[in-house]
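Visitor: I'm new to reading protein structures. Could you walk me through one, feature by feature?

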Amino acid sequence: METVKLKCIIYVGTKTIRRVVFREGKSMEKLNTYTLSEEDADELINKNYLSDKYINALINIIKAWQRDPGHFKTEEMCIYACSKFRTLPQKQLFEIKSRIYYETGLYFFVLSEALEKLYIQNLLPEFNDRNRYIISINTCTIDIHQLSPGNDIQTIHINSIGTSTLMKKLPKIQYEFSRKETIEYINYIKEEIIRAIECSNQKIDKSFSDVAVYLGGEISFLNEFRYDLAKNRIFRDKDHIYQISSSSFKYQSINRLFRFSLEDLEKRFVNNRMFSGGWAYGMKACTLIAIALFDCLGVKTIIPSDYSILNGLFYKNFSNVVISGSLRRNAGVIQELISFFRKNDINVLSPNLDDAPMNKRDIMYEYYHMNAIKMCDTLIICNENDDGYIGEETLFDIGYAIANDKRIIAMKKPKNELFKLLPIEIGLYLGR
Amino acid sequence: MNITIIGSFRKYYDDICSVIQMFEENGIRVLSPKLSVIVDDLDGFVILKSDNRSYKPYEIQQKVFDNIDKSDYVYVWNPGGYVGLTTAYEIGRVTEKGLRIFYKERVKDLPIFISEDNIKNPDELIDYLNSRHLLMMA
């Protein structure tokens with residue numbers, strides 16, 4: 001079975017573009033980060049149509065990284081885009097995918113809700129025995145994931161507040177501010193959060209949990225500002241050794257971070273790879289939002305984390321898959337893939353080789369297979385044999401999956417020129 | 001009434017041009033393809049002289065889907081039941097749209113359900129669509 005042993009992911013966020021690598025059996029490795037210009041970031045955040053200028057800038061960054069010394073092969077790379085891209089019109093999104101694929105050979109995958117949930121569920125396998133929040137505060141959104149034991153997940157998306165939007169609403173926070181002002185800002189943000197949640201017909205249950213994992217470079221940030229942190233007594237994980245009470249977080253933020261103006265912060269971090277660019281800009285807004293949010297949720301203990309949603313991909317790259325490919329030519333590999341997936345707790349929705357004949361697809365089978373494509377998170381194209389050959393039946397499935405906005409991964413690059421026109425990921429990375 | 005014709009242009013473009021003329025003469029507007037000549041062939045994806053020269057191949061293909069979106073029907077020209085790779089992909093994408101797809105013949109290479117009512121040669125399709133159109137006007 002031909003799979004790739006590593007995957008380099010270019011993650012396109014609203015403000016930054018990051019490059020990370022997953023290697024089998026190793027933690028996610030961060031390579032580099034590019035900060036978009038204010039103008040470009042603003043375009044994605046505030047407009048619902050991306051200009052050629054934005055797309056060209058994106059393609060240029062991707063191409064530059066493809067040319068890097070020690071670059072990765074095409075099948076070892078792919079692009080993931082943050083959920084904000086889901087708000088673009090479908091037609092433009094497909095045009096962007098087609099263009100990026102045509103010019104770079106890389107698949108531009110907009111993280112689907114299903115996979116976003118999966119990666120969050122898999123983020124902290126050592127911490128799944130109680131109710132807990134996983135919080136992510138982004139440039140223009142807040143994601144509140146509520147996880148129960150057994151990993152049931154409910155997500156509240158707040159689309160009207162984020163670090164960038166708060167900076168616009170409260171421009172004064174770029175200067176240093178007093179304790180009294182801090183309380184006023186926090187109360188204002190709390191009202192905004194409650195209003196946003198009510199408007200979207202979602203609800204906060206304050207009794208759900210008093211523990212939150214706070215994602216996004218938080219350990220590095222707290223250490224940089226020398227916050228006093230306690231030892232994590234809730235669960236054991238080498239990447240999460242600290243905890244801090246929400247009251248201490250608030251108190252220390254007033255005495256440390258909020259005493260700096262934005263100008264001071266930008267100067268302080270100008271040569272700091274981790275905190276330069278957008279990071280310093282959003283620090284104060286992000287911390288204010290976090291304090292207000294923890295208060296709204298009734299969170300007493302915070303587990304700071306340097307993880308992002310992508311870390312969850314390390315454990316599992318997909319959860320509900322359909323495999324397409326010539327049953328006649330690739331029966332052995334398909335069988336092998338199914339066994340592998342079953343062993344690794346990945347559901348194969350189709351084919352069901354216990355019921356289907358190995359060498360033939362009929363109308364009933366195809367009907368079942370199409371329904372399965374509708375329900376899967378990833379369509380895997382098994383084309384290992386015959387130079388990556390993909391036949392009519394599989395192309396039909398690809399068309400159907402594209403129409404249903406599914407992620408598609410082919411095991412091998414097809415030689416036919418036609419495939420330059422079909423945006424699909426090449427190279428199957430199985431995760432840990 | 002608008003229609004888009006799909007099928008192997010590499011094999012059957014001349015026939016398809018005749019079908020376009022028949023349809024147009026009988027009040028059925030063909031949005032795609034245009035009457036033209038083949039100037040290039042990328043492993044089965046055909047470029048026509050009428051395609052915008054400044055467009056990249058993926059943009060030309062997107063244009064086909066834009067025309068399908070504006071169409072009331074899709075007609076698959078598949079003599080002998082043959083559909084090539086591009087057409088198989090296009091059928092897959094169109095199937096999800098719920099648009100009615102007519103076929104010249106039953107498809108050989110795809111195990112998809114096609115009602116007998118949706119298999120029609122051009123004459124039959126013209127009669128059917130015009131009578132249906134008259135019914136809708138009444």
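Visitor: Let's start with a strand pair. How many bridges join β3(B) to strand β4 of chain B, and do the two run parallel or antiparallel?

Guide: Before that, keep in mind that this is a predicted model. For a strand pair, you look at the bridges and at the direction of the two strands. Here four bridges join β3(B) to β4 (residues 45-48) of chain B, and the pair is antiparallel. To see one position, find D40(B): I47(B) in β4(B) stands opposite.

Visitor: Is strand β3 of chain B buried or in the open?

Guide: Count its buried residues. Strand β3 covers residues 38-42 of chain B, and of those five residues the number buried is zero, so the strand lies largely in the open.

Visitor: What about a helix, then? How many of the nine residues of helix α4 of chain A are buried?

Guide: Same kind of counting. For α4 (residues 113-121) of chain A the count is seven of nine, so this helix is largely enclosed by the rest of the structure. The buried residues of α4(A) include L115(A), L118(A) and I120(A), and also E116(A) and K117(A).

Visitor: Which strands do the buried residues of α4(A) pack against?

Guide: Look for β6 (132-137), β7 (142-147) and β8 (153-158) of chain A; those are the packing partners.

Visitor: Back to chain B. What is the strand order in the open sheet of four strands?

Guide: Reading a sheet means walking across it from one strand to the next. In chain B the walk goes β2-β1-β5-β6, and the pairing is parallel. Strands β2 (29-32) and β6 (100-103) stand at the edges with a single partner strand each, so one side of each has no neighbour in the sheet. From one strand to the next, the twist averages 35°.

Visitor: Can we zoom in on one pairing there? How many bridges join strand β5 of chain B to β6(B)?

Guide: Four bridges link β5 (residues 73-77) of chain B with β6(B), and the two run parallel. Take V74(B) as an example: its bridge partner in β6(B) is I101(B). As a general idea, side chains in a regular strand alternate between the two faces of the sheet.

Visitor: Which strands does helix α2 of chain B lie across?

Guide: Helix α2 (residues 57-70) of chain B lies across β1 (2-7), β2 and β5 of chain B, and its direction is at about 150° to β2(B).

Visitor: Now the two chains together. How many residues of chain B are in contact with chain A?

Guide: There are 26 from chain B, in contact with 26 residues of chain A. On the chain B side, the elements giving two or more residues are α2 and α3 (85-95). The largest share comes from α3(B), with nine residues. By class, that side of chain B has 13 nonpolar, six polar and seven charged residues.

Visitor: And how is chain A divided into domains?

Guide: Domain 1 is built from two stretches, 6-114 + 313-426, while domain 2 is 124-306. Their centres are 32 Å apart. Where they touch, domain 1 of chain A gives eight residues and domain 2 of chain A gives seven.

Visitor: Last one: why does the radius of gyration of chain A agree with a compact globule?

Guide: You compare two values. A compact globule of 432 residues would have a radius of gyration near 22 Å, and chain A has 23 Å, which agrees. The C-alpha trace of chain A spans about 75 × 45 × 40 Å along its principal axes.

How values were computed. Residues numbered from 1 in each chain as written. Chains lettered and ligands numbered in written order. Predicted model: local features only at pLDDT ≥ 70, side-chain atom pairs only at ≥ 80, totals over all residues. Pairing = 2+ DSSP bridges. Axes fitted to C-alpha atoms, helices over the stretch in contact; angles between N-to-C directions. Contact = placed C-beta atoms within 7 Å. Nonpolar A, V, L, I, M, F, W, Y, C, P; charged D, E, K, R; others polar. Rg over C-alpha atoms; globule rule 2.2 N^0.38 Å. Domains from an automatic or database assignment. Buried ≥ 20, exposed ≤ 12 C-beta atoms within 10 Å, placed from the backbone.
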